[in-house]
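Thanks for sharing this one with me. Here are my notes, in the order I would go through them with you.

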Amino acid sequence: MTPGRIHRARLRNGLQVLLKEIRTAPIVSVWLWYRVGSRNERAGLTGVSHWVEHMQFKGTPTYPVGSLDRAISREGGIWNAMTWLDWTAYYETLPADRLDLALRIESDRMVNSLFAPREVTSERTVIISERQGNENEPTFRLSEEVQASAFRVHSYHHEVIGDVSDLASMTREDLIRHYHNFYVPSNAVLTLAGDFQWRPVLDRVRELFGSVPAGTPPAPLTRPEPPQHGERRVMVEGPGETSFVEVAYHVPSAAEADFFPLVVLDSILAGPSNLNLFGSGISNKTSRLYRALVDTELAAGVSGAMAATLDPYVYTLTATVRSGRTPEQVLSALDQELRHLLEEPVQEEELMRAVKQARAIFAFGSETVTNQAFWMGYAEMFANYGWFETYLQKLESVRAEDVSRVARKFLSKRNRIVGFYLPSEGAAEI
Amino acid sequence: MPRASSRKSRPRRPPKRTPVRPPRPRPNLPQLDPRSLPGPHSVVRERLSNGITVLIRENFLSPSVVIQGTCWAGGLDEAEEKAGLASLTAACLMRGTERRSFHQIYDTLESVGASLAFGSGMHTTSFYARSLAEDCATVAELAAEALQTPSFPPDQVERTRGEYLTDLAIRQEDTGARAQLAFNSLAYPGHPYAHDDEGSLETIRGITRDELAEFHQTHYGPRDMLVSIAGAVHSARALSLLEKHFGGWTNPGQPARPTLPAAPRLERIVQNRVTLPGKSQADLVIGAPGPARTAGDYVPAMLGNNILGRFGMFGRIGEAVRESEGLAYYSLSTLSGGLGPGPWMVVAGISPRNLQRAIELIRREIERFVQARVTQSELIDNQASLIGRLPLQLESNDGVAAALMNLELFGLGLDYYQRYPQIISSVTRDEILESARRYLHPDRLAIGIAGPLDES
């Protein structure tokens, strides 16, 4: 990882703070992470975390609606927020001498968001529009069904954006209750990276956040997904001429020992994951599945995704079926390649390649303070920053037999969900 | 895997020698340290022996190197019935070279975690390469090889063709892409910019392997080629690497660049609606041809565009369509600029039953934009924004390599970033209004729409 000490503190009200001085450019990046995401949502309230995220931009008494965006933009800043399975994060990247603006905004809206009725109403349709934009993509529709099939019990069951019925029926009171429950210092982590001096900045953080009451977030929903005892299949029909295959396997969470052998397995099967928030990853044309599916002209592309989550999640392999081929053909070739993987151990060279690729990806990501501050908080959501600091070492210690073991243990048919996206009959002629 | 939902959509269509006025004191605008930005003091600009221009910015604070290259072969060089020829050629460059097979090329790259990719547009074909500093020579050599001596192996060409056709089939169902294509044909009737440089299923099926090789042989060459490098490599070493791998390239028969006619003027509102059943939302593209990057009024137009549909939550357009009426998750404006009169457009994703309302709101904003000057506070906010964000855009090697390429491509001058605050701060409200009126009018617009229209 990039050298540079992380300074840590915990305020009396439970807010965790991590600061890293980086002097390469006069820029700072500030992230505020809340330990709340779609996993905290019950049926009837799916999408509430994401909606609350939207409402964080809709005004406080200090920053009336619209003024927050203008305040950051006029300083030349970039900003956004994102909601995911396990967390919601807000960030600003600004010229270094504007750091205070980010801290004032975040400390203010942690407590004072207005949730004005008119804005709630307006944002309802915006979010439904966002969802409809997603639905335009076949892979979103397929992924949603595969995920729902993978998680009958656990709240990873639904998409972050939520189901339309809940988006239509949720009330302002639902949003406010969620906000008051989870947007508390004891449930939050503040990460800062860039051109500042950590001591005075930490003092300022104490000044702005210190008086916010600690709060007690609700106990997390713990409904562990029972083991799956047989393959599940999902068909999704829709417009277009192109088919897609998505195969998802239940795998452990990021903090478990088997996670890193699985990361190596994913690199070997489908190419390395992109660990960075921005920027593209590395191509995967020498990966085993590319050779088995794309070189053979069954698929037009293939990718794999291992996610770092708090609870056990899924490892997904996705392929775009080449025109003139069928999903069954792609699946059959995929199964054959997985059998081959189990029969012959992976080569030392493949292990070394996975490590080198991860090293390169980290190097590329270390170039921006935004990405560095992102890593600092992201790792805290399911582990701690040490997880990132020791990432490469852990990859390096994975042996061929570890990869074989996790392949045997997790990549079985009874442990998976297979999804096909199929053009529906009567699709429009091109 | 569920995608993280972002509050602010990333714009789908990112935007692509101005007179310098004497500096006037401006309160409230950011002060940048000119020496912290790329300029004559920190950028090496040289020519290789075959005339290729090279710009190099050393950066030893980062462990990586990014190389970008641009040469002058593109969609403008292909016949209508061979639409996509330039694009398919670029897609096949890395499928095999005289020295290496497809697998050898990607093995070399992926074993060290490096990237190399080629793409083309209407005017140019470009490459992007990134590696750790220690592998810089490897990617430079590979990029040069794929650019100069691709072999177009027939089996690889067919494999690529199939993948390309699959992508085209996906594009056919993409409401955003279909709306854009519909808009292009309306905004540029009879003009080269109406040409679909990605091609169609028909034209791509009809291109032969020999035509790819011939296109490459004829149109690719070092004339006016540009290369930019940013990262942990000494400029002397970078220069010698580039000279070694690119400096010997010749193509005496490389044709002169085609001249581009001026964009046609729209006389009224023209609309094209494409029905794509089964979709959940329609995409909308409204606008007209705009200024090229090198146009004298580009900078005022750029500032104006920022006010119209970029600043904050996407400017006046975002305010009208998303914030006020909740009609869209994304609605913004984009000024393409570029090497020719690229479009000035407003784009949005809208439910079909709200399309009329959205079009009304957008036209109303365009009308307001061309009727009266922007306010003084809008001007200052946007000037501050454009100046303030410069260091952020130039933070990474990616950003610097792209910026250097732009400086050279558009002849902006090596000291452009040192002059930039002055250039931006000296734009007036009158200039913005004048440029807006030159290109936009609420009754002279092209409108492309694609989505589940029959079902509304």
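The points below cover the contact between the chains, the nonpolar core and the domains of chain A.

1. A word on the model to begin with: it is a predicted one, so please read every point with that in mind.

2. The contact between the two chains draws 70 residues from chain A and 66 residues from chain B. On the chain B side, the elements that give two or more residues include strand S1 (5–6), strand S6 (125–132), helix H4 (154–172) and helix H14 (397–409). H4(B) supplies the largest share of that side, nine residues.

3. You may like the make-up of the chain B side that touches chain A: 26 of its residues are nonpolar, 24 polar and 16 charged.

4. The largest nonpolar core has 267 residues, and the members that touch the most others are A:Val264, A:Leu293, B:Ile67, B:Ala143, B:Leu284 and B:Ala358. Once its neighbours within four places in sequence are left aside, B:Ala143 is in contact with B:Ile67, B:Gly69, B:Leu116, B:Phe127 and B:Ala129.

5. Chain A splits into domain 1 (6–209) and domain 2 (232–423), with their C-alpha centres 28 Å apart. Their contact involves 35 residues from domain 1 and 29 residues from domain 2.

6. On the domain 1 side of that contact in chain A, two or more residues each come from strands S2 (16–21), S3 (27–34), S5 (88–95) and S6 (188–194), and from helix H5 (138–150). The largest share, nine residues, belongs to H5(A). By class, this side has 20 nonpolar, nine polar and six charged residues.

How values were computed. Residues are numbered from 1 along each chain as its sequence is written. Chains are lettered from A and ligands numbered from 1 in the order in which they are written. This is a predicted model: local features need pLDDT of at least 70, side-chain atom pairs count only at pLDDT 80 or more; totals for chains, interfaces and linings use all residues. Two residues are in contact if their C-beta atoms, placed from the backbone, lie within 7 Å. Helices (H or I, at least four residues) and strands (E, at least two) are DSSP runs, numbered from the N terminus. Ala, Val, Leu, Ile, Met, Phe, Trp, Tyr, Cys and Pro count as nonpolar, Asp, Glu, Lys and Arg as charged, and the others, Gly among them, as polar. A nonpolar core is a set of buried Ala, Val, Leu, Ile, Met, Phe, Trp, Tyr and Cys residues joined through C-beta atoms within 7 Å. A residue is buried if 20 or more other C-beta atoms lie within 10 Å of its own, exposed if 12 or fewer, and partly exposed in between; C-beta atoms are placed from the backbone. Domain bounds come from an automatic or database domain assignment.
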